[in-house]
Amino acid sequence: MDNATPPLTTRIVEWLKDEIEQNRLVEGGKLPSEKQLCEQFGVSRSVVREAISQLKSEGLVSSHQGRGVFVNARSARQSFRLSATALDDRDALEHIIELLVAFESAAARHAAVRHTAKDLKSIRRALIGMEYAIINDQPGDSEDYAFHQAICDATHNPHFIALNEYLEQHVRRLIRRARTNTVTHHPDLMISVQTEHQAILKAIQARDGAGAGQAAETHLRNAARRLDIYLKE
């Protein structure tokens, strides 16, 4: 995978974020116009508008009809966000794995204690979906997401559910991009991944909170080691 050149929209977003974080664009300050950004980055207006739209969705800026786009006050900004991370940024990936270990271990512990029969059925269904994908030499990304989402749903905590959706958008998809090599180059590792998922389900099913948390942590720490393999290829 080539990570040398980030997408055009990402380049603009990261530059504007840096300008805001370094206070070169201050609270209430006006962003450069679409025309200025188009000329600076050599892109079309649609690319600039997409970048501005992303900043708006994160609460960093807001537009005022006929006046332009302005930097929001810190109190109005989204309180939590993760910076874009490349697969070859080892330190950033370690921080992400550390976050996922803490989050998914806690989610598994709560799911073990609080799950309903319906929750358990959803978790099992996702696991079976992953098994089917592996048999057919597929990564099973959507099934993997469904498995982790079903566990978070089983916590019956809306904040766990919302944070999981955020992490799926900003973190897990990055890791899964590295995982796609497994089917072709490391099919034995796919079997290991599935065994780890089965251990999580077994502990949740037994209402073993400590065991579920430990199984989730083991899975994430092994995922970090597998990621090291992908980064070398």
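Me: How many disulfides does the structure hold?
Reply: In this predicted model, the structure holds 0 disulfides.

Me: And what about C38 and C152, buried or exposed?
Reply: C38 has a relative accessible area of 12% and therefore counts as buried, since buried means under 20%. C152 is buried as well, because its relative accessibility is 2%.

Me: Switching to pockets, what volume does the second largest pocket have?
Reply: The volume of the second largest pocket comes to about 240 Å³.

Me: Which elements each supply at least two residues of its lining?
Reply: Those are α2 (34-41), α3 (45-57) and β2 (68-71), and the largest share, 3 residues, comes from α3.

Me: Which residues are they, and what is the lining like by class?
Reply: The second largest pocket is lined by K30, L31, P32, S33, E34, L37, R49, I52, K56, S63, G68 and V69, and by class this lining has 5 nonpolar, 3 polar and 4 charged residues.

Me: Now helix α5, how far apart are its end C-alpha atoms?
Reply: The end C-alpha atoms of α5 (residues 117-135) are 27 Å apart, which agrees with the expected span of 27 Å, because its 19 residues are taken at 1.5 Å a residue, with the multiplier being one less than the number of residues.

Me: Which residues in α5 are buried?
Reply: In α5 the buried residues are D119, L120, I123, A126, L127, G129, M130 and A133.

Me: What phi does D137 take, just after α5?
Reply: D137, which sits just after α5, takes a positive phi of about 55 degrees.

Terms used:
Residues are numbered from 1 along each chain as its sequence is written. This is a predicted model: local features need pLDDT of at least 70, side-chain atom pairs count only at pLDDT 80 or more; totals for chains, interfaces and linings use all residues. Side-chain values use heavy atoms; hydrogens and water are left out. On a 1 Å grid over the protein atoms alone, a cavity is a set of points where a 1.4 Å probe fits but cannot get out, and a pocket is an open set with protein on both sides within 12 Å along at least five of seven lines; lining residues have an atom within 4 Å of a point. Grid points are joined across faces, edges and corners, and a volume is the space filled by probe spheres set on the points. Helices (H or I, at least four residues) and strands (E, at least two) are DSSP runs, numbered from the N terminus. Ala, Val, Leu, Ile, Met, Phe, Trp, Tyr, Cys and Pro count as nonpolar, Asp, Glu, Lys and Arg as charged, and the others, Gly among them, as polar. A disulfide is a pair of cysteine sulfur atoms within 2.5 Å. Buried means under 20% relative accessible area, exposed over 50%, partly exposed in between (1.4 Å probe, protein chains only).
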